[in-house]
Amino acid sequence: MVDKYDPQEIERKWQRRWAEDGLYEVTEDSAKPKWYALTMFPYTSGDLHIGHWYAMAPSDVHARFKRMQGYNVLHPMGFDAFGLPAENAAISRGIHPFTWTMQNIENMRRQLKSIGAIYDWSREVFTCLPEYYKWTQWFFLKLYESGLAYRGKAPVNWCPHCQTVLANEQVVGEGFCERCGAAVSRRDLEQWFFRITNYADELMEHIGIDWPERIKIMQRNWVGKSVGTEISFALDHPGVDGREIRVFTTRPDTVFGVTFMVLAPEHPLVAELTSPDKRAEVEEYVARSQRQTEIERLSTEREKDGVFIGAYVVNRLNGERVPIWVADYVLLGYGTGVVMGVPAHDERDFAFAKRYNLPIRVVIAPPGRRGEELEEAYTEPGTMVNSGQFDGLPSRQGIEAISDFLEEKGWGKRAVTYRLRDWLISRQRYWGAPIPMIYCPDCGIVPVPEEDLPVLLPEDAEFKPTGESPLKYHEQFVNTTCPRCGVPAKRETDTMDTFMCSSWYFLRYASPDCDNAPFDAERVRYWLPVDLYTGGAEHAVMHLFYARFFIKALRDMGLVDFDEPFSRLFNQGVIIVERQKMSKSRGNVITPDEYVSELGADAVRAYLMFVAPWEQGGEWDDSGISGISRWFNRVWNLVAGGYEQKITGLVLKRLKGEQIDIEQAERQLSRLTHQTIRKVTDDLERLRFNTMLAALMEFTNYLARVKEEGAVGVSDWKEAIDTLLLLLAPTAPHLAEELWQQTGHSYSIHNQSWPKWDEELAKDEEITLVIQVNGKLRDRIMAPASMTEAGAKQAALESQRVKAYLEGKEVINIVYVPGRLVNLVVR
Ligand SMILES: [Zn+2]
Ligand SMILES: [Zn+2]
C-alpha cells in the first residue's frame, strides 16, 4: 500500500499491469455494442508536444467513458509516417528518412504510452511500412480500374537556364531559381490525378453525420458549386478556326453590360488571337504571370492588371464588338478560363475598368436611381435597363428570361460549374508510396499486377530535392519488364501524396494483421464507420475531404457498405503559451514529459481538459496544473485516509444549537452524489470536459466537509466515494485504479459499469413556502430547498392567489424567513 499520493509510482505500476493483462485489447466477437473512437494519428515529426496531448487525452477520456458505459470500444493509435517533413528533416540531418522516422516513432510511442490511454497497441499502424503501403498501392490500382485515376498535365516549376524541374523550396523570392537566379516559369508535366470531381455533389452534402457547421461550410465552399449560364460570344478572326468564346456566368441578366472580355494568360486562344502590334507586350505579361502562384494571382489585396490583346468578340445580344484582354486574375482551371467584364455590376471588373478607362454601363438599375454615375459596382438585384427587349424586368426574372432566350437561339445554355478540381496525387519526391504503374513502349500504361505488390521503395535512392522524382535516377527501380508483353519497360517514378495514405488508415485498424486484403470485410463491417473522430479543424478541406471521397469511391466499388467514414466529428481548439501558438522558432513549446514525471500523467490529462472548453482551446499555465495536482492530493487524502463516523462531532454541534440530523445529512449526500453522476455523464456525452471536472471538484469539496463532520453512515460514505472514483476513472485512470484497489475493490475499475443516477434521488429537495400578506396566510407553494431569497420573493409576488390581495395596494416591504415564509407588507 502506498501511503502518500505518488503519481510516478502509481502510474508506472498500473501501466505495466494493464499492458501485461492486455486490458485494453479488443476483439470483434462481443455481445456489446461497438464504439469506434478515433483521434487523428500524429505525423512522425519527432516529439509530442502538449498540443498532441490536447488532441489525445480528452478523446481517451471520452473513449474510456464509453467503455464503462458498456460499449466495446476500439481506440487505436498509429503513425502518419510518409511525407515531405521526414524527407527534409532527414536531409538536414544527413540520415535516411526511414531511420529518422522509425526513431521518432520509438520516442513518440514511449510518450503516447505515458498518457495512460486505452490504445490497443496490438493494432498499431505505420503508413511507411511495405505491409501498409502495399495496400495503398492496391487502392491506387482499384481507383485506376474504376476510371477514377488518370494521367493528365499539371504545371511544375521549370528553370529555363538549368533546364530542369525545381521543387517548390528551390524557388526563391518572387519566383527565381535557387541555383542560378533565373526567373522560374511553369511547365506542364504528366502527373496522376483522382477524379474527386465525380463526387462533387455528394461531397457537398453531409447526410446523416454530426459534423461542426463550419467544417461543412468550408467543404461546401471548397467544392464551390455555382449554377449559371454559359454564353457564347461570336468570334471572327482570320487564321482562327474557332467561331466562339464561351463564358460561364451566374449573372446572365447583366450580359448587355459587357464592355470587355478577359482570358486567362494560359488560355490557348491568347497566342492565336493576339495582334502583331501587341505580341511583345502580351508575351511579356504572360511570362510574368507564370511566375506567380495562384494564391498571389487571386489575392484580393493585389491590384488587378492586364493587357489588351488587339482582338474582339461580338456580344450576340446587342451586336457590339467587345475588346479582349488578358489578365492573371482569371485562372484556366476555373470555369472556361474566360470572364466577361461587367464593370457596373462586379467589383473586380469595376476596378479593372476604372484602371484602364473601359466603359461602365449600367444595365441593372438600383431602386430609385436617376442616371447618376456609379461610385462602385452595384451587385444587388434591380430592374433591367439598357437591355433591349428585356428592359423593365426585375433582374431575378431576367436571369431566367435571358437564359431561355440564349437557349432558343442556340447562343448558350444553362450550366453548373465547380471550383473543385481533381486531386493531383503525384509527388516528385522520395519518401512516399511508389505509384504502381509501368510504361511499356508497346502497350502504353500498364498497371503493376496485384500479385507483384508492393512496389518497394528502394532504400538506397539519392533523395535530395531536385523537383524530379529521385526514383528516376535509380536504375534498378526504373527498369523493369512489361507485365503484359515482357519487353523492357519503365516504372512510374513519382510517389503518392501522403493524403492518400491517411485516406484509409482508419479501415486498417479494424484488421491490421490482414495480409491478403487491405482489410477484413467482416471486421470493417463490425467497426466502421468511426463513431467519434477528433482532431484539428485545419484538416477540413484536405484529409477530411479526401477520406470522404475515398470511402464513397470504395462504396461504389462494393468494398464497403457505408457512405461516410466519420459519423461524428469534433474539432478541438489550440493550446497557446504566453498568448501565442507554440512553435519551435518562438521557443515556447511545452513538452509533456517533464510535467508527467513531476506531477503525473493524470494531472496533465485533467489540466488540459480543465483549462477551457475543448473546442475553444486555451492558455497553458503552470500554476493551473499545480491546482489540479493539489486536487488529486485532496482526493487521495479523502479516500486513502479511511472514514470514521464522528458522533461526537454531531453532539458538539447540537450543543451549539445547530440542527444537524443524520438522516438529512445522508439525504443531502445521496442527492449530491446522484446530481454529480447526472452532470458528469451529461457533460461527457457532450465533450464538455471543463465543466465535468468543475462538478467533480465541487463534489470532492463537499465530501471533505462531510468527512470532517463525520455526519453520515459508513455505507452512504462508501457509496459516495465509489461513485467519485468511478466518475474520476476516465480522467485520472491511474489514481482511480489505485484508490479503487485501496478501498478493497477488485481489479480493475476500468471494467466497472458507469454509475447510473436515480432521477428521484437527484431531485432538488422541496420545501413548502408559506406566503403571507400583512401577516395573514394567503398561499402555500412548493419550492426547491436551494431557492434563493430573490427567487422566493418573486415566487410570492407571482402567486395567483396572492395577486388578488395586492390589487390596488403598494408593497412596501417583503420579509423573508429562509426556507419557510415570505410576508408581503402592503398598504
Ligand atoms: Zn536555374
Ligand atoms: Zn508491353
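# Zinc site, helices and sheets of a predicted model

Helix 25 has buried residues whose cover includes helix 1 (7-21), helix 2 (50-68), helix 19 (601-610), helix 20 (622-640) and helix 24 (714-728); contact means heavy atoms within 4.5 Å. This is a predicted model, in which local features need pLDDT of at least 70 and side-chain atom pairs count only at pLDDT 80 or more, while totals for chains, interfaces and linings use all residues. Residues are numbered from 1 along each chain as its sequence is written, chains are lettered from A and ligands numbered from 1 in the order in which they are written, and side-chain values use heavy atoms, without hydrogens and water.

**Helices 25 and 18**

- Helix 25 spans residues 733-742, and 9 of its 10 residues are buried, so the rest of the structure largely encloses this helix. Buried means under 20% relative accessible area (1.4 Å probe, protein chains only); helices (H or I, at least four residues) and strands (E, at least two) are DSSP runs, numbered from the N terminus.
- The buried residues of helix 25 are Pro733, His734, Leu735, Ala736, Glu737, Glu738, Leu739, Trp740 and Gln742.
- Glycine 744 follows helix 25 and has a positive phi, near 85°.
- In helix 18 (residues 592-599), Pro592, Tyr595, Val596 and Leu599 are the buried residues. Around the axis they cover an arc of only 100°, which places them on the same side of helix 18; the arc is that of the directions from the helix axis to the C-beta atoms.
- These buried residues of helix 18 pack against helix 1, helix 2, helix 4 (97-114), helix 19 and helix 20.
- Glycine 600, just after helix 18, takes a positive phi of about 100°.

**The zinc site**

- The zinc ion (ligand 2) has four protein donors, Cys440 (SG), Cys443 (SG), Cys482 (SG) and Cys485 (SG), at 2.2 to 2.3 Å from the ion. Donors are N, O and S atoms within 2.8 Å of the metal (3.2 Å for Na, K and Ca).
- The site of the zinc ion is tetrahedral, with angles of 107 to 113° among its 4 donor atoms; the term requires all angles of four donors to lie between 85 and 135 degrees.
- Along the chain, the donors follow the spacing C-x2-C-x38-C-x2-C. Cysteine 440 lies in strand 21 (residues 437-440) and cysteine 482 in the loop between strand 23 (479-481) and strand 24 (488-491), so this pair ties together parts 42 residues apart in sequence.
- Both cysteine 440 and cysteine 482 are buried.

**The sheet with strands 21 to 24**

- An open sheet is formed by 4 strands in the order 22-21-24-23, with antiparallel pairing; two strands pair if DSSP finds at least two bridges between them.
- Strand 22 (444-447) and strand 23 stand at the edges with a single partner strand each, so one side of each has no neighbour in the sheet.
- Strand 23 and strand 24 run antiparallel and are joined by 3 bridges; threonine 481 has proline 488 in strand 24 as its bridge partner.

**The sheet with strands 30 to 33**

- In this open sheet, 4 strands stand in the order 31-30-33-32, and the pairing is mixed.
- Strand 31 (776-784) and strand 32 are the edge strands, each with a single partner, so one side of each lacks a neighbour in the sheet.
- Strand 30 (residues 766-773) runs parallel to strand 33, and 4 bridges join the two; valine 773 stands opposite leucine 824 in strand 33.
- Strand 32 (residues 811-817) and strand 33 (residues 821-826) run antiparallel, joined by 6 bridges, and asparagine 813 stands opposite valine 825 in strand 33.
- These two strands form a hairpin with 3 residues between them, and glycine 819 in the turn has a positive phi of about 75°.

Methods. Tetrahedral: all angles 85-135°; square planar, octahedral: opposite > 155°, others 65-115°. Buried < 20%, exposed > 50% of the residue type's maximum accessible area, 1.4 Å probe, protein only.
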